[in-house]
Number of protein chains: 2
Amino acid sequence: MQEGRSGGGQVAGRATGAKRERIIDAAARLIHLRGYHATSIEDILRATGLGKGNFYHYFTSKEELGFAILDRQTARFAEGVLRKAFGGNRDPLEQINAYLDLLLEGARKARCRGGCLMGNLAQELSDTHEEFRRRLARAFEAWRAFLEGRLHRARELGRLRPGADPARLSRFLLAGIEGAILLAKVRKDASVLAECFTELKAHLGAGTRATQRQVRPAAPSPATNGAKQRLKGQRP
Amino acid sequence: MQEGRSGGGQVAGRATGAKRERIIDAAARLIHLRGYHATSIEDILRATGLGKGNFYHYFTSKEELGFAILDRQTARFAEGVLRKAFGGNRDPLEQINAYLDLLLEGARKARCRGGCLMGNLAQELSDTHEEFRRRLARAFEAWRAFLEGRLHRARELGRLRPGADPARLSRFLLAGIEGAILLAKVRKDASVLAECFTELKAHLGAGTRATQRQVRPAAPSPATNGAKQRLKGQRP
């Protein structure tokens with residue numbers, strides 16, 4: 001739990017932390033659907049039922065709140081995805097396939113509303129807000145580097161097609177994901193994601209049997225836990 | 001040339017059309033960098049040196065101006081790209097490769113500022129403005145269908161890998177492009193695009209020699225002109 005800037009005892013800290021989280025939650029939900037500029041501090045306060053004083057107790061500005069959303073989103077994404085898709089000692093391509101399946105399931109549940117919060121913010125702010133751009137680029141890079149690590153391992157295991165370049169492939173994987181999420185969002189059709197992910201899986205594992213395999217749950221792997229620590233260390 | 005709503009003689013029409021174009025130009029430039037919500041009518045008028053009366057002479061609202069930007073962008077994109085990349089009777093995979101090279105060249109010239117205007121608007125407005133979403137989805141679909149046509153032709157010529165599905169591949173091609181443009185924009189690094197396009201080209205033409213070929217200029221093809229007419233007919 002994150003503490004309010006006021007400090008105080010453990011109980012007070014928990015209470016103020018909860019209000020801070022409520023603000024971040026509401027803001028993240030609104031910004032995810034409407035965008036950063038189209039969401040005002042007033043909109044956020046209305047959604048939380050809190051007053052302006054509460055807001056400025058925890059955040060000096062909407063920008064500071066935006067950075068807090070990025071931090072939390074990066075942490076939640078890494079925690080959730082690393083545990084659910086990369087948690088076992090499965091074949092690295094199976095892990096990546098499980099990750100794509102998670103994204104598809106999420107898009108179906110959300111009926112393709114919102115899309116990727118980090119992608120949306122990158123789209124909206126990369127040319128107008130250098131500090132947002134810098135933080136978003138760092139978050140994408142940390143995630144890409146993690147995927148590159150998995151692809152290196154896949155190459156060692158002979159799972160990638162001959163001549164595959166894990167660094168380039170990891171960037172392409174991220175691009176394919178972000179683009180597919182965008183096209184599904186504009187069509188409001190998750191089958192767009194399913195089709196793009198079928199191509200992505202085929203591209204990663206072309207010429208191997210890995211893309212045909214079923215994903216199986218397995219015991220946690222020390223190697224993946226190590227990667228998790230590195231990823232968490234890299235987040236903005 | 002598009003006429004102002006006032007009508008009038010040919011000379012007057014040309015003059016009013018020019019002012020309308022100035023407004024669309026300035027708005028498109030600003031919205032490309034800042035986004036739709038973050039660009040006000042006042043910002044647009046300041047950039048053109050025109051007054052409010054001029055704006056409301058041509059547009060009933062910012063929304064109507066936004067639709068005009070979509071129409072013009074779709075037309076310009078189709079004209080420019082169809083002529084430069086798809087104008088000859090080249091191998092369809094060479095045409096697609098030339099299209100990717102054009103996008104890369106454009107991103108380098110723009111130093112990765114702006115990204116894809118249509119992608120930006122789709123990202124920003126798909127969950128909050130149904131009419132924008134509908135028009136953007138139609139524009140993306142027209143372009144995807146055009147690419148699918150080229151991929152069908154590539155398959156007939158034996159240029160695609162065995163089992164390739166032109167419809168799914170065309171969607172993946174668009175997704176890869178949109179995602180790569182986004183990642184290049186957030187990193188401000190065109191090499192991101194170059195790397196992703198290398199993977200896309202390899203994916204489309206895997207197992208054939210088409211991806212290794214140099215792009216050559218060639219005479220216009222009646223088949224491509226037919227496709228151009230269809231694409232223009234489909235635009236919003």
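How much area is buried between chain B and chain A, and what share of that area do carbon and sulfur atoms give? That is where I would like to begin this morning, with the reminder that what we are looking at is a predicted model, and that every value I quote has been computed from it.

The area buried between chain B and chain A comes to about 4,100 Å², and carbon and sulfur atoms give 62% of it. On the side of chain B, the residues that lose the most area to chain A are Q123(B), D127(B) and E199(B), which together make up 18% of what that side buries. Counted by contacts, 45 residues of chain B meet 45 residues of chain A, and the same surface serves both copies, since 100% of the contact residues of chain B recur in chain A.

Let me turn to the symmetry. If one rotates chain B by 180 degrees, with 0.0 Å of shift along the axis, chain B superposes on chain A with an RMSD of 0.0 Å, and that is the relation of a two-fold axis. Should you wish to find the rotation axis on the screen, a useful marker is G179(B), whose C-alpha lies 1.9 Å from it and which comes closest of the residues of chain B.

Now a few words on the fold of a single chain, taking chain A. Chain A has ten helices and zero strands, so the string of elements from the N terminus on is simply α-α-α-α-α-α-α-α-α-α. Of the 236 residues of chain A, 54% count as buried. As for the contacts in chain A between residues at least 6 apart in sequence, 69% of them join residues at least 24 apart.

The helix I would single out is α6 of chain A, residues 117-125, which is mostly covered, with nine of its nine residues buried. Among these buried residues are polar and charged ones as well as nonpolar ones, including N120(A), Q123(A) and E124(A) alongside L117(A), M118(A) and L121(A).

Those names return when we ask about empty space inside the model. Rolling a probe the size of a water molecule over the atoms shows where such space is left. Here the count comes to three cavities of 30 Å³ or more, and the largest cavity has a volume of about 170 Å³. What lines this largest cavity, and which residues lie nearest its centre? The lining consists of 21 residues, and those nearest the centre are N120(A), Q123(A) and E124(A) from chain A, with N120(B) and E124(B) from chain B. Both chains take part more broadly too, as α1 and α6 of chain A and α1 and α6 of chain B each supply at least two residues of the lining. The element that gives the most is α6(A), with five residues. By character, the lining divides into seven nonpolar, eight polar and six charged residues.

Just ahead of α6, the backbone deserves a careful look. R111(A) sits in the loop between α5 and α6 of chain A, and its phi is near 50 degrees, a positive value in a residue other than glycine. C112(A) is found in that loop between α5 and α6 as well, with a phi near 60 degrees, again positive and again not in a glycine. Their surroundings contrast, however: R111(A) is exposed, at a relative accessible area of 69%, whereas C112(A) is buried, at 7%.

I will finish with two individual residues. L33(A), in helix α1 of chain A, counts as partly exposed at 26% relative accessibility. Leaving out residues up to four places away in sequence, L33(A) touches R113(A) and G114(A) in chain A, and D127(B) and T128(B) in chain B. D127(B), you will recall, is one of the residues that lose the most area to chain A.

The other residue is K84(B), which belongs to helix α4 of chain B, residues 62-84, and is exposed, with a relative accessible area of 51%. Apart from neighbours within four places in sequence, K84(B) is in contact with R90(B) and L102(B). From K84(B) to L102(B) the separation is 18 residues in sequence and 8.1 Å in space, C-alpha to C-alpha.

Conventions:
Residues numbered from 1 in each chain as written. Chains lettered and ligands numbered in written order. Predicted model: local features only at pLDDT ≥ 70, side-chain atom pairs only at ≥ 80, totals over all residues. Heavy atoms only, no water. Buried < 20%, exposed > 50% of the residue type's maximum accessible area, 1.4 Å probe, protein only. Helix = DSSP H or I, 4+ residues; strand = E, 2+ residues; numbered from the N terminus. 1 Å grid on protein atoms, 1.4 Å probe; cavity = no way out; pocket = protein on both sides within 12 Å on 5 of 7 lines; lining within 4 Å. Points joined across faces, edges and corners; volume = space filled by probe spheres on them. Least-squares fit on C-alpha atoms with pLDDT ≥ 70 in both. Contact = heavy atoms within 4.5 Å. Buried area = accessible area lost by both parts, 1.4 Å probe.
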